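Work through these short exercises with the structure open beside you. Try each task before you read its solution.

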Amino acid sequence: MLYTTPNKNISSILGTSTDDIDTPKQGSDRILLVSVILLMIFGVLAVYSSIAFFAEAKHTTAGSLVVGHAVKVGIAFLAMLIVSKIDYHLLARFSRLGVVLSWILLIAVMLFGNEVFGAKRSLSIGGVSFQPASFAIPALLIHISVLLEQKQEYIKDFKRAFLPIMFWVVITCGLIGIEDFSTAALLFSLSLLVMFVGRISMMQLSTLILIGVMGAGVLIWQSPERQSRIDQYVDQVVEINSTKFNIEEGYQAQQAHIAIAQGELFGVGMGKSTQRNFLPAPYNDFIFAIIAEEYGLFGSGLVILIFTVILFRGIAKIAKNAPDIMGMLIAVGCTLTIVLYGFINAGVASGLLPVTGLPMPFVSYGGTNILFAGIMVGILMNISKYDSSKKAVFYA
Amino acid sequence: MAFGLVLLIPVAIGLQLFRVNFVEGDELRNLWNEQAIDYISIPAQRGNIYDQDGSLLATNSVVYKAAIDPKVEELTNSQVVQICDTLAKYTGKSSRHYQNKIKQAPNRSRYVVLNESIDTEAHEALRQLKIRAVILEEEYKRNYNFGTLAAHTLGFVNHDLDGMTGLEKEYDNQLRGEDGVQQVRRDRNGNIYAYLGAPRKQPQQGHSLHTTIDSHIQAILEEELKAGIDKTRSTSGSAIVMDPQTGAIKAMANYPTFNPNNPASLNSTNRRNFAISDMIEPGSTFKLVTSIAAVEQDKVQFDEQFETPEDGKTLIHGQWMRDHEPMGTLSFPEVIQKSSNVATAQIAMRLSKDAFYQYARNLGFGTPTNIDLPNEESGRLPKPYEWSQVTLPWMSIGYEVQATPIQIAQAYAAFANEGTMMRPYLVEKITSGQGEVIEKTNKVPVRKIAKESTINKLYPIFKDVVSDSGTAEYAQVDGLSIVGKTGTAQKYIDGRYRNEYRSSFVGVFPADDPKYVCLIVLDDPDTYPPYGGITAGPIFRETANRIAGLDNEIEKHILQQEQNDEVWAFAPDLKGLTKKDAKALLQEQQLPYKLQGNGNWITEQQPESGTELTPTDEITLSLSNTIAEAEIQELPDGYSLIPDVGGMSMRKAMVLLNNRGFETKIIGSGTIYRQFPRPGDMMKQGRTVIIRGKAKPLESLTANKSTE
């Protein structure tokens, strides 16, 4: 890994500096771009197919909702292109501000948020619904990347490195976790992964994880409801056809299984899903099941493949060739965020994971999550422009 | 590297997808079949029923059922009020009525029917409210376009559109069609969705019936029957109009009646088709059997005289049999014409039981007519070995035998159709929804009831029944020749004959070319006397008159007849005129005349002056050279008798008076209505007779024949 420090002159961002000669402008990652576009296409089609029921409940048509979705996808795409032009170092400068802003928004959600399915997750700002959690994720990940770079010299120090970073992580995840436990847990895990890559002491991380696992054990042991969820989960993984649903999640998992089984190799065809009528939020939590039903094993396999490609490009290419440690860490964080979201959604839909409400980036219906997924890919693309290996080639 | 571990996730997902698809796939797909696939039936449209001109008697319309699910969470009180108000606006019931319905529904009910049938507008208005709790269902409803018209014949359907009575029941299988099936998808709440390309079996539309019913005749018959029943204060009545040549039922009516659009609103007696299911003792109409049997068996001669007792009653094997009035001595035709029970019984007793039974059987009594309607009764004709000693005479006048009105009509139809009995039928043809003919009814000759010669001999006798001297005096229709028979039978209730009657009349018209047989049966008319000729006869007359008005051929025939009967003019008094004057007068009035004898003076005229003339009548004038010698001889010289010139025209009166040597003074013009001095007196010739005239009203020139 390269620990070079490219010039931090703001003018270079605008491409007017003479420094351009030192860091020549390179094309951003094409494969990444194509992958995202493919996911977006899958998403719009699957959402169109599955949103009819939701549309009826909202007294509107599937058409108008899907056009709205397409517009949001377009905005996210635009945001991605714009962000890819902005030097990530500039973003890094405002990282602390970003996290603090995300905190304010998260608190605002708790106070004034719109309640959907019993949880306050979104905020109406000028008529536009906004989920601060989606914003908090990149903000936190960028900020800890910045902090990690700053603290490289004393990175193993518990008090000077681990604790200050954990301060940001714990508060952000705590604020998210009040309303949305699974997102918080995922963000916490992502943060630990980034910290691990950023060379935080293994001892400290392992201890933390151990404490976390024990804490989780206590929580599960304490609550019969959580226990039954675990039982149900084990049941559903072991025996797919079990009809013993003691909780709603078991039913949902089974319906998702049926959807996947209906799809077989090539699927029932575009827009012909029937399980959308049985799955809750088929346009969001279970969109992967809808894709599996309509496009079969090939379609769903392709989606998994695309996320795997993003994983490879993000880690093995962009992060590896990032010009500095911060870029590398940001690349790791963003890649993992997008890919893990995708995998977890697919894992839930295919019954591997317990039911959570995490969307599939670029595919699920929604606004804020697509926007910030787009921004994260934009950051990735921007980092890919400063590919140190390519620069070497250029010089050669 | 650690990231290798992350790669395990997509691999695991891929494996899981594979496992779900191929290892557990079949069972899961079975589960899907169970939960997501359902079949709903697409109701087939019931076939229509048409009359003989193709007017729709029974058809279907779409109605909507409005219900509410009061347990829908987002349903607010104001929405409930809104729904009820909308319904109230379109249905004419108050909003409160609907709100109470919701309030009074069982607590956990999720389906409260608000209105069973709302129209399209109300349906649209409710749909526009876009309230999820409102449940709207579409159904077919049977519509009888003319309400009560032919209600008993058409029958009605229940809520599931199953035919319950009448043609609806008889032809239920053809009318019903076949429901289609559509595969639908279900969602988790049990809502069903149609989807594109779903397997679907189209519903087979029901076949349509084209009946022989003539709506016009049916309407006339119902109207006249009702009017007649009201007038005679009968409890009920039935009537049938049938084509004797084919057996086609043109109309069939019962009163009281019901509206098949709402069959449950009245009690079941109203819905019974008495015309085919009421077993009655026919009374004198049954004498047709006796006369056919007697004539064909050669047991009676037409010129034979029958003595009937002076008091009108006779004892037969210990039972008194009466005529409605003492009749004296009757010839055989008069026996029928005047409907003498005593004489009929006398004739019948010349026949063997078996022969009589056979003729009754031949005429269709004791067996159902097999008309295409459900619940037809077969009547009851006891077998000869069941008979008592008095059965034959009593049966010969229509007692101790039970027949349905349709049987009586059928027997007379056969009589009118030169002895060929046709099966009565209502459905001419059955067509598919696309108009293809599926089935055509064959006209079925059942049997020959008697030799044609027998029928031909008897036919004129029954024609005489409908005449001024027959029992059916009041059934006569001007210009229309009618064959018919009256019937009056005491009702037999609980083993005893009561003072209640069933009166009937059956007529065939036109007699020469029978096109209609019309039977009227009245139950317990409250008139005195209750005879069929007096109660049912006039109903027949009105009905036949109006039916004749519908039928171009009969109408033409009647008009011709009427023209012949019409009074053209009154014969003028021509006696005493000269030949020249008389000729001038007759030519002026365009009256045909004939001269007899030679001479200059008219002494006799035939017909007499003042008689009504028809266009065919000729006036025969006898001529002589001397005028009314007798009259003149008695008068002194120079004197003449003043003639009666009243009603004469001025011109004629002047001629007459001048001939007698009088002067005339005319006041006014036209027909003479007063003269002075009075006629009959002698007066000296040369004196003046003053005559006053005024214009003759037109009616008196072409006087109408008065109606009864």
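**Exercise 1. Describe chain B.**
Find how many helices and strands chain B has, and what share of its residues is buried.

*Solution.*
Step 1: Chain B holds 24 helices and 32 strands. Keep in mind that this is a predicted model.
Step 2: Chain B has 708 residues, and 49% of them are buried.
Step 3: Turn to the contacts in chain B with a separation of 6 or more. Residues 24 or more positions apart account for 68% of these contacts.
Step 4: The accessible surface of chain B is about 34,500 Å². Carbon and sulfur atoms supply 47% of that surface.

**Exercise 2. Describe chain A.**
Draw up the matching description for chain A.

*Solution.*
Step 1: Chain A has 16 helices and three strands.
Step 2: Of the 396 residues in chain A, 56% are buried.
Step 3: Take the contacts in chain A between residues at least 6 apart in sequence. Of these, 70% join residues at least 24 apart.
Step 4: Chain A has an accessible surface of about 17,100 Å². Carbon and sulfur atoms make up 69% of that surface.

**Exercise 3. Analyse a helix pair.**
Work out how helix 9 and helix 10 of chain A are oriented, and which residues meet.

*Solution.*
Step 1: Locate the pair. Helix 9 of chain A covers residues 181-197, and helix 10 of chain A covers residues 202-222.
Step 2: Read the geometry. The two helices pack at an angle of about 165°, and their axes lie 10 Å apart.
Step 3: Apply the cut-off. Angles over 145 degrees count as roughly antiparallel. Therefore helix 9 of chain A is roughly antiparallel to helix 10 of chain A.
Step 4: Add the handedness. Helix 9 and helix 10 of chain A make a left-handed crossing.
Step 5: List the residues that meet. Helix 9 of chain A brings A:F188, A:L192, A:M195 and A:F196. Helix 10 of chain A brings A:M202, A:L205, A:L208 and A:I209.
Step 6: Sort this contact by class. It has eight nonpolar residues, no polar ones and no charged ones.

**Exercise 4. Place one residue.**
Where is A:D387, and is A:D387 buried or exposed?

*Solution.*
Step 1: A:D387 sits in a loop of chain A, between helix 15 (368-385) and helix 16 (388-395).
Step 2: The relative accessible area of A:D387 is 6%. Buried means under 20%. So A:D387 is buried.
Step 3: Compare sequence and space. A:K320 is 67 residues from A:D387 along the chain, and their C-alpha atoms are separated by 8.8 Å.

Conventions:
Residues are numbered from 1 along each chain as its sequence is written. Chains are lettered from A and ligands numbered from 1 in the order in which they are written. This is a predicted model: local features need pLDDT of at least 70, side-chain atom pairs count only at pLDDT 80 or more; totals for chains, interfaces and linings use all residues. Side-chain values use heavy atoms; hydrogens and water are left out. Helices (H or I, at least four residues) and strands (E, at least two) are DSSP runs, numbered from the N terminus. Buried means under 20% relative accessible area, exposed over 50%, partly exposed in between (1.4 Å probe, protein chains only). Axes are lines fitted to C-alpha atoms, for helices over the stretch in contact, and angles run from 0 to 180 degrees between N-to-C directions. Angles under 35 degrees count as roughly parallel, over 145 as roughly antiparallel, 65 to 115 as roughly perpendicular and the rest as oblique. A crossing is left-handed if the near helix is turned anticlockwise from the far one by less than a right angle, and right-handed if clockwise. Contact means heavy atoms within 4.5 Å. Ala, Val, Leu, Ile, Met, Phe, Trp, Tyr, Cys and Pro count as nonpolar, Asp, Glu, Lys and Arg as charged, and the others, Gly among them, as polar. Accessible areas come from the Shrake-Rupley method with a 1.4 Å probe; for residues, only the protein chains shown count as cover.
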